[in-house]
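Please look at the model below with its aromatic side chains in mind. The paragraphs that follow take the ring contacts in turn.

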Amino acid sequence: MAERPEDLNLPNAVITRIIKEALPDGVNVSKEARRAISQAASVFVLYATSCANNFAMKAKRKTLNAADVLAAMEEMEFDRFLQPLREALEAYKKGQKGKKEASEQKRRDKKKSDAEENDKSREEENEEEEEEQDGENEAEEEEVEN
């Protein structure tokens, strides 16, 4: 847990960015108002986390999941946020799946290029061995002729 109440507050830069994105251009927000919004947001996050934790505990789990958070939002009577949250969660999952697939493809491509490089190295080694053997055979033939 946090040692001081201030440790529970969200970073000021994050709060400021969220406020700026939510308001039209030209609207100013006082430092006191930003602080109040920050504290309210922190209280909301803590309350939502506590409610979600209750759902996880009822299911005898120690890990909160998205379903717990959605159930908590419903219990807190934030029903109008459920659909946007579900959509954001789907978008997040698709993004993660895309990243995972890209990572796997990159790994497969690297294995393929490594295998091709190894094959090329083996071919070069075989060619060098063949050249050495040809050179030795020619030297033996010259000795036999002499």
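How many aromatic pairs does the count come to? In this predicted model, the count comes to 2 aromatic pairs. One of them joins Phe 44 and Phe 78, whose ring centres lie 5.3 Å apart and whose planes meet at 75°, so the pair is classed as edge-to-face, given that an angle over 60 degrees is what that class requires. This contact links distant parts of the chain, since Phe 44 belongs to helix α2 (residues 31-58), while Phe 78 sits in the loop between α3 (66-75) and α4 (82-145), 34 residues apart.

Phe 78 also pairs with Phe 81, and here the geometry is tilted, with 5.7 Å from centre to centre and 45° between the planes. Taken together, Phe 44, Phe 78 and Phe 81 form one aromatic cluster.

Are these rings buried or exposed? Phe 44 has a relative accessible area of 32% and is therefore partly exposed, because that class covers values between the 20% limit for buried and the 50% limit for exposed. Phe 78, with a relative accessible area of 28%, is partly exposed, and Phe 81, with 35%, is partly exposed as well.

A contact of another kind involves a charge and a ring: Lys 58 lies over the face of Phe 55, at 5.2 Å from the ring centre, where the cut-off for such a placement is within 6 Å.

Methods: Residues numbered from 1 in each chain as written. Predicted model: local features only at pLDDT ≥ 70, side-chain atom pairs only at ≥ 80, totals over all residues. Heavy atoms only, no water. Phe/Tyr/Trp six-rings, centres within 6.5 Å; stacked < 30°, edge-to-face > 60°. Helix = DSSP H or I, 4+ residues; strand = E, 2+ residues; numbered from the N terminus. Buried < 20%, exposed > 50% of the residue type's maximum accessible area, 1.4 Å probe, protein only. Lys NZ or Arg CZ within 6 Å of the ring centre and 35° of its normal.
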